[in-house]
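User: I want to learn how to read a few structural features, one at a time. Where should we begin?

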Amino acid sequence: MINNTLSRRAVLAGLAATFGASAAAASMPSGLDVQLAPTTASILLARLIQDGALPGANLELWRDPDQLRAAIIAHRCKLFTAPTNLPANLANRGLPVKLLAVIGMGHLMIVTADPSIHNFSDLVGKQVLEFFPHDMPDLVFRACAAMEGINPDKDMRLYAAGMPMEAAKMVASGQVDTALLSEPWASAAILAAAKRGRKLYRAVNLQDVWIQHMGGDGIPMLGVGIDAGLLEAAPDLPATLLAGLHQAKDWVLANPDSAAALAGQALKISPPVFTEALGHSQLVVKSARQARPGLEAFYQTLLKLSPGVLDGRLPDDDFYLGA
Amino acid sequence: MGEQRMTCMQPAEPVRGMANLALRGMTLAMLACGGAAQAQTYGTSNVPMLTPSAASMDTDLGVGGMAMTMPAGHGTTPADVQGAIMVPAGKVMVGYSYMNMDMAKNYIGDSTVSPETIVTTIPSTMTMAGGKKENYRIVPSSMETQMHMLKAMYGVTDRLNLMVMGTYEQKSMRMTTFSGSMGTKVLGTSNSRVSGFGDTMVGLLWRLYQDPENHLHLNFGLSLPSGSITQTTTMLSPSGKLMTMRASYGMQLGTGTVDAEPGLTYTGQLHAWSWGAAYRGRFALDDNSEGYHYGDLNELTGWGGYSWIPGVTTTAQIDGSIQGRIHGADPLITGLMQGTNPRFYGGKQISLLGGVEIAGSRFGLKGTQLAIVAGGPVYQNLNGPQLGRSWQVGVTLGAGF
């Protein structure tokens, strides 16, 4: 059992020391603007904020990647959760963005109403709906398909929805039978379909496919990014946040009902959906530097498929924060 | 006549469409200015985009926080196309529609004719002493039909929907009466009005085919004769007296017959575009209690729509219809007004209409929709003399549960 009080105190003390020590040397923003990805793993940063670890923080959910990019570029967002390729892309393009931690591994999966689908080979000739075309989910899907000897453009009828919510609604309602979804959208679709008497299956977990072919512990998919300017003002912040994220993860796993309630408030994910999604979301906390080998393998895979996704190269060494 | 159509409803998630558009533009602009060539379009092949159907949009996932970047009104059908979309299993859609149709100018074939021409050249069914047919002496100059419709649709299964629609109608006709039995001297004008419940339509929709871009379903309805066919009106006679008599066929509130209403509906959607076509028929199964039935009606409608911003869709529509003359006659519908002649009903019409549909979710009213459609005929070839259509406008409020 986690001692919540000690956890909160530890984080508060660390942050207070950090901000207090640096406040004289550099001006800190009065309220930290934090943007969270609408995914299950964002609960860790939400927990930190709920616990008062980031006093005065303004919490907001970003609604599509472009919205987050705009906020980062305009320096309106100093701390965020996002797919790990997004901060890498911005950093490679010269923006002062660092990756603090990986907090969620691969949570993309094929959800289908067709019980005969168990692997990529079973998708041959079938209609498959993905989302965020040309972005990370599309690229990971293509990479995993290639690992399995499948060419999505030739071997299946691939369609794209603009957003995961659209894809989830389309598979839940029966407009399509098979879709690539991330969590919590996969869980949301399965539960929504069940209400209507429609059975959906988690047919293929791309994390499993990745591990089977690439080894390691899977796809370092969701990370915490930070504006470099914030580090100048509070150089100890990474270590403090990492400690808090570890404790937040322990709290979430030990208190799933409370975490679900928090998800309803902070992430706009209904508690039943969050509870269902939690078991499929692969929560982890690794510093970016710890996760670097896996991140670079992930980035290399994306670069092979689409060099522009990371401006054609791996991020520099100073992109990865933490010990 | 005067049949209104079920509107569609496109519930949507709350969106911040304008904000998203602005942010997207800002992102791209800043990346471009900063020398970053690409925001998020990378090197993979193009994949056809799909957007959720109305049924998909209506699915509650229990997850918020992510707006629809694709237009919420995608897959929109014009407000006046009856039974054009289906609702998912267990869902109910209700709607209220108001339609105003204005008729003006008398047509014979595709030509307009003046009242003076009608009263001097068109013989009525009335016979004067000596056996000569008397010319019509009362000519309608305009007619306004207002219809209030309440409708409901229920998804028994995803494949089978039931629907019901009741109407309340108000009709008014302005007529010009010519003096005596010949000549073109105008004696005066009169207005007649009727109001009450119209016919009631019950029906089912059966889905034949659906894929992410295309949808095809069968419509089958029955129009039940709940509207009166014995309404009376008062009009000025050529002798200067006010006569109260059974209103003409077009002024009755119902048809008096049970009508079969088969139909076939196709809708398509891709990106912000939507399109579709619908056939509707209306065939009386027998004469009504007064001894007549309306001629067969066949309508074909095609439309295209584009969602400019999430939740706001405009549509353009073309309607074509062919209807036969009234068969049989009500012996109590008689007189020197052209509308008393059952031969002067039906014809061919082509109309163009434009519409806009706004999802209530843009204003925090999830599951609701406001739709407006308006237009008028571009071609009319009528079994005249009879009044032609001038313009029509309809407003629909819909809500889904």
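User: Take the pair formed by helix 2 of chain A and helix 11 of chain A: how are these two oriented to each other?

Analyst: Two packed helices are described by the angle between their axes and the distance between the axes. This is a predicted model. Here the axes of helix 2 (residues 43-50) and helix 11 (residues 237-254) of chain A come within 8 Å and cross at roughly 105 degrees. Angles of 65 to 115 degrees count as roughly perpendicular. Helix 2 and helix 11 of chain A are therefore roughly perpendicular to each other.

User: Which residues of helix 2 and helix 11 of chain A meet?

Analyst: On the helix 2 side of chain A they are Ile43(A), Leu44(A), Leu45(A), Arg47(A), Leu48(A) and Gln50(A). Helix 11 of chain A brings Leu241(A), Gly244(A), Leu245(A), Ala248(A), Lys249(A), Trp251(A) and Val252(A).

User: Next, burial. How many residues of helix 8 of chain A are buried?

Analyst: Buried means under 20% relative accessible area. Helix 8 (residues 185-195) of chain A has eight buried residues out of eleven, so the helix is mostly covered. The buried ones are Trp185(A), Ala186(A), Ser187(A), Ala188(A), Ala189(A), Ile190(A), Ala192(A) and Ala193(A).

User: What covers the buried residues of helix 8 of chain A?

Analyst: The cover includes both strands and helices of chain A. The strands are strand 5 (108-112), strand 8 (178-182) and strand 9. The helices are helix 7 (164-173) and helix 13 (271-278).

User: What comes before and after helix 8 of chain A?

Analyst: Start with the backbone rule. Most residues other than glycine have a negative phi, and most peptide bonds are trans. The loop between strand 8 and helix 8 of chain A holds Pro184(A). A cis peptide bond joins Glu183(A) to Pro184(A), with omega about 10 degrees. After helix 8 of chain A comes Gly197(A), with a positive phi near 75 degrees.

User: Which peptide bond in chain B is cis?

Analyst: The bond from Gly384(B) to Pro385(B) is cis, with omega near 15 degrees. Pro385(B) sits in strand 20 (residues 368-400) of chain B.

User: What about positive phi outside glycine? Is Phe132(A) buried or partly exposed?

Analyst: Phe132(A) has phi near 45 degrees, a positive value in a residue other than glycine. Its place is the loop between strand 6 (127-131) and helix 5 (136-147) of chain A. At 13% relative accessibility, Phe132(A) counts as buried. Lys268(A) is another case, with a positive phi of about 60 degrees. Lys268(A) lies in the loop between helix 12 (256-267) and helix 13 of chain A. Its relative accessibility is 44%, so Lys268(A) counts as partly exposed.

User: How do I read a single polar residue? What does Asn92(A) contact beyond its neighbours within four places in sequence?

Analyst: Check location, burial, then contacts. Asn92(A) is in helix 4 (residues 85-92) of chain A. Its relative accessibility is 6%, so Asn92(A) counts as buried. Leaving aside neighbours within four places in sequence, Asn92(A) touches Leu310(A), Asp311(A), Arg313(A), Leu314(A), Pro315(A) and Asp316(A).

User: And Asn205(A): is this residue buried or exposed?

Analyst: Asn205(A) is buried, with a relative accessible area of 17%. It belongs to strand 9 (residues 201-205) of chain A. Beyond neighbours within four places in sequence, Asn205(A) contacts Gly106(A), Leu108(A), Met109(A) and Gln282(A). Asn205(A) and Leu180(A) are 25 residues apart in sequence, and their C-alpha atoms are 9.6 Å apart in space.

User: Zoom out. What do the totals say about chain A?

Analyst: Chain A has 14 helices and eleven strands. Of its 323 residues, 62% are buried. Take the contacts in chain A with a separation of 6 or more: 78% of them are between residues 24 or more positions apart. The accessible surface of chain A is about 10,700 Å², and 52% of that belongs to carbon and sulfur atoms.

User: Last, the surface of chain B. Which residues form the nonpolar patch there?

Analyst: The members are Tyr154(B), Val156(B), Leu162(B), Leu204(B), Trp206(B), Leu208(B), Tyr209(B), Leu218(B), Phe220(B) and Leu264(B). Together they have about 860 Å² of accessible area. Strand 9 (200-210) and strand 10 (214-224) of chain B each supply at least two patch residues. Strand 9 of chain B gives the largest share, four residues. Leu218(B) lies in strand 10 of chain B. At 37% relative accessibility, Leu218(B) counts as partly exposed.

Note on methods:
Residues are numbered from 1 along each chain as its sequence is written. Chains are lettered from A and ligands numbered from 1 in the order in which they are written. This is a predicted model: local features need pLDDT of at least 70, side-chain atom pairs count only at pLDDT 80 or more; totals for chains, interfaces and linings use all residues. Side-chain values use heavy atoms; hydrogens and water are left out. Patches are made of residues with over 30% relative accessible area and no salt bridge: like charges are joined within 9 Å, nonpolar side chains (Val, Leu, Ile, Met, Phe, Trp, Tyr) within 5 Å. Accessible areas come from the Shrake-Rupley method with a 1.4 Å probe; for residues, only the protein chains shown count as cover. A salt bridge is a side-chain nitrogen of Lys or Arg within 4 Å of a carboxyl oxygen of Asp or Glu. Buried means under 20% relative accessible area, exposed over 50%, partly exposed in between (1.4 Å probe, protein chains only). Axes are lines fitted to C-alpha atoms, for helices over the stretch in contact, and angles run from 0 to 180 degrees between N-to-C directions. Angles under 35 degrees count as roughly parallel, over 145 as roughly antiparallel, 65 to 115 as roughly perpendicular and the rest as oblique. Contact means heavy atoms within 4.5 Å.
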